2 protein chains.
Amino acid sequence: MNESSENGKISRKEREFLMRRNEIMAAAMRLFAGKGFHNTTMSEIAKEAEFSTGSLYNFFKSKEALYLTLLREEIEKIEADVRVRKDQAKGPAEKLEAVVDSLIDYFEANRDFFKIFSMHQDHFEWPMKGELAQVVRAKYLSFIAELVEVFKQGIAQGAFKAHEPEELALCFMGVMNSFLFLWIETEPKGTLREKKPVILDIFYRGSAKG
Amino acid sequence: MNESSENGKISRKEREFLMRRNEIMAAAMRLFAGKGFHNTTMSEIAKEAEFSTGSLYNFFKSKEALYLTLLREEIEKIEADVRVRKDQAKGPAEKLEAVVDSLIDYFEANRDFFKIFSMHQDHFEWPMKGELAQVVRAKYLSFIAELVEVFKQGIAQGAFKAHEPEELALCFMGVMNSFLFLWIETEPKGTLREKKPVILDIFYRGSAKG
DNA sequence: CCATTCTCTGAACTCTCGTTCATTTTTCAA
DNA sequence: TTGAAAAATGAACGAGAGTTCAGAGAATGG
């Protein structure tokens, strides 16, 4: 009755439901990014999304579910784009560059999500122990795992030094993160994209001169 | 009456007060490191420190104050040691190496604090808007500022590439952090110290081969 | 040994949310 | 137009946690 059984079409009802669901998630993202999970209340989200408190529970069964759904879906978007571009690229260096491109594009379009994203990278206060949290954690780890794979290949093909692939992957995210952080902090001063050469140079060739 | 007026001596009372205060902070550190600020309750801290809930308020005026005091004092310890060793070193590369040494020593002796520390590196917006929070933030920024100074000198003397000193400092912390993170995650597998050459190699010479 | 002061205690208080649900409003097919 | 189903509402509820405080217990000094 709800599902437009079998075929991919969805009814207007369903479309509208998803629209409203997205409104709520967008409002929640703004607030979570600004104040974190614990300092954002459901009624604030409701007000921001122009719904009543109770209505939120027609879309998400709890605050935690709302948060984790948001996180999971957004990571999936990033991951999907990263994977596509990475797989299209040929060599290891090209693949890594594709990852950088993808991340830059995503975060230039979704500033707010960076804060939420990086909160979870560093295990910023870890509120939730439920099943959903595990799913999100798994998602993030699979994202890292793909990076690790790139480095494994890269090492095998002699493009990268023979360090631990995990170490290289984490360091790469560390450098990437540093630039994301600086870019977020210094608001509208320059684009993230123009930092791409610097990011790659530091990560590939290091900081020492000569 | 409390202060041993003027001279540096402190009474036994005061010493005992400080001992108990440290007990509480140590207990709090363990719990905050494990579960974060919001998921650690005052009664848990009290139990861990073998005090009653109410007693904590003889030492700290609030949970927030306890947390921020802990954070501030620990950052000060790190900062002090980093500064001493850095200032003793001659050239920019030696200074940076001294910083690495200092951080490695500190965190090998204080595993727990890493999680708390890294929580605060990227996320300044937090529940707390009080004066203490500002102090902690200032402390952390002054720590970064010293790093930036090292890089400024290093660039001027031709030891580092002419990137933005802030970018180099943040990237350095990013790489350092990645190794700290891996080390913490993989529990007792190897020491942090033995990673020093890798850390420096990646940061100085990058990840690309040849 | 007593009196006073300091310290500890933990139950009670309070306040803040997340969540629920009876009621109202809207939707939409007949 | 109408009435039943779906959606929205927001006041009320309840659980959890930070904080307080009146009384109990130690420590100190005369």
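Which side chains meet in a salt bridge with N and O 2.5 Å apart? They are those of B:Lys35 and B:Glu44. This pair appears again in the third legend below. The model shown is predicted.

**Figure 1. Helix 1 of chain A and the residue that follows it.** Helix 1 of chain A covers residues 12-35. It is made of 24 residues, and the distance from its first C-alpha to its last is 34 Å. That is close to the 34 Å expected at 1.5 Å a residue. Several residues of this helix are buried, among them A:Glu14, A:Arg21, A:Ile24, A:Met25 and A:Phe32. The buried set also includes A:Ala27, A:Ala28 and A:Ala33. An α-helix has 3.6 residues a turn, so residues three or four places apart point the same way. Just after the helix comes A:Gly36, which has a positive phi of about 80 degrees.

**Figure 2. A nonpolar patch on the surface of chain A.** Three residues, A:Ile10, A:Phe17 and A:Leu18, make a nonpolar surface patch of about 230 Å². A:Phe17 belongs to helix 1 of chain A. Its relative accessibility is 33%, so A:Phe17 counts as partly exposed. A:Phe32, by contrast, is among the buried residues of helix 1 of chain A.

**Figure 3. Salt bridges in chain B.** Side chains of opposite charge can pair when their charged atoms come close. In one such pair, the side chains of B:Arg30 and B:Glu48 meet with N and O 2.7 Å apart. B:Arg30 lies in helix 1 (residues 12-35) of chain B and B:Glu48 in helix 2 (residues 42-49) of chain B, so this salt bridge ties together parts that are 18 residues apart in sequence. B:Arg30 is partly exposed, at 38% relative accessible area, and B:Glu48 is partly exposed at 34%. The pair from the opening question, B:Lys35 and B:Glu44, meets at 2.5 Å, N to O. B:Lys35 has a relative accessible area of 30% and is partly exposed; B:Glu44, at 29%, is also partly exposed. A further salt bridge joins B:Asp87 to B:Lys86, with 3.1 Å between the closest N and O atoms. Here B:Asp87 is partly exposed at 46% relative accessibility, whereas B:Lys86 is buried at 9%.

**Figure 4. A network of salt bridges in chain A.** Salt bridges link A:Asp81, A:Arg85, A:Glu97, A:Asp101, A:Asp105, A:Arg193 and A:Lys196 into a network. Over all chains, the whole structure holds 38 salt bridges.

**Figure 5. Protein residues around DNA strand D.** There are 16 residues around DNA strand D. Those that come nearest are A:Ser52, A:Ser55, B:Arg12, B:Tyr57 and B:Lys63. Of the strand's atoms that come within 4 Å of the protein, 67% belong to sugar and phosphate. A:Ser52 uses a polar backbone atom, placed 2.7 Å from a phosphate oxygen of DNA strand D. A:Ser55 instead has a polar side-chain atom 3.1 Å from a phosphate oxygen of the strand. For B:Tyr57, a polar side-chain atom and a phosphate oxygen of DNA strand D are 2.7 Å apart. Helix 3 (53-56) of chain A and helix 3 (53-59) of chain B are the elements that give two or more residues to the surface near the strand. Helix 3 of chain B gives the most, with 3 residues.

Technical notes:
Residues are numbered from 1 along each chain as its sequence is written. Chains are lettered from A and ligands numbered from 1 in the order in which they are written. This is a predicted model: local features need pLDDT of at least 70, side-chain atom pairs count only at pLDDT 80 or more; totals for chains, interfaces and linings use all residues. Side-chain values use heavy atoms; hydrogens and water are left out. Patches are made of residues with over 30% relative accessible area and no salt bridge: like charges are joined within 9 Å, nonpolar side chains (Val, Leu, Ile, Met, Phe, Trp, Tyr) within 5 Å. Accessible areas come from the Shrake-Rupley method with a 1.4 Å probe; for residues, only the protein chains shown count as cover. A salt bridge is a side-chain nitrogen of Lys or Arg within 4 Å of a carboxyl oxygen of Asp or Glu. Helices (H or I, at least four residues) and strands (E, at least two) are DSSP runs, numbered from the N terminus. Buried means under 20% relative accessible area, exposed over 50%, partly exposed in between (1.4 Å probe, protein chains only). The expected span of a helix is 1.5 Å times one less than its number of residues. A residue is near a molecule or strand if one of its heavy atoms lies within 4 Å of it. A polar contact is a pair of N or O atoms within 3.5 Å; within protein, one must be able to donate a hydrogen and the other to accept it, and residues adjacent in sequence count only if both atoms are side-chain atoms.
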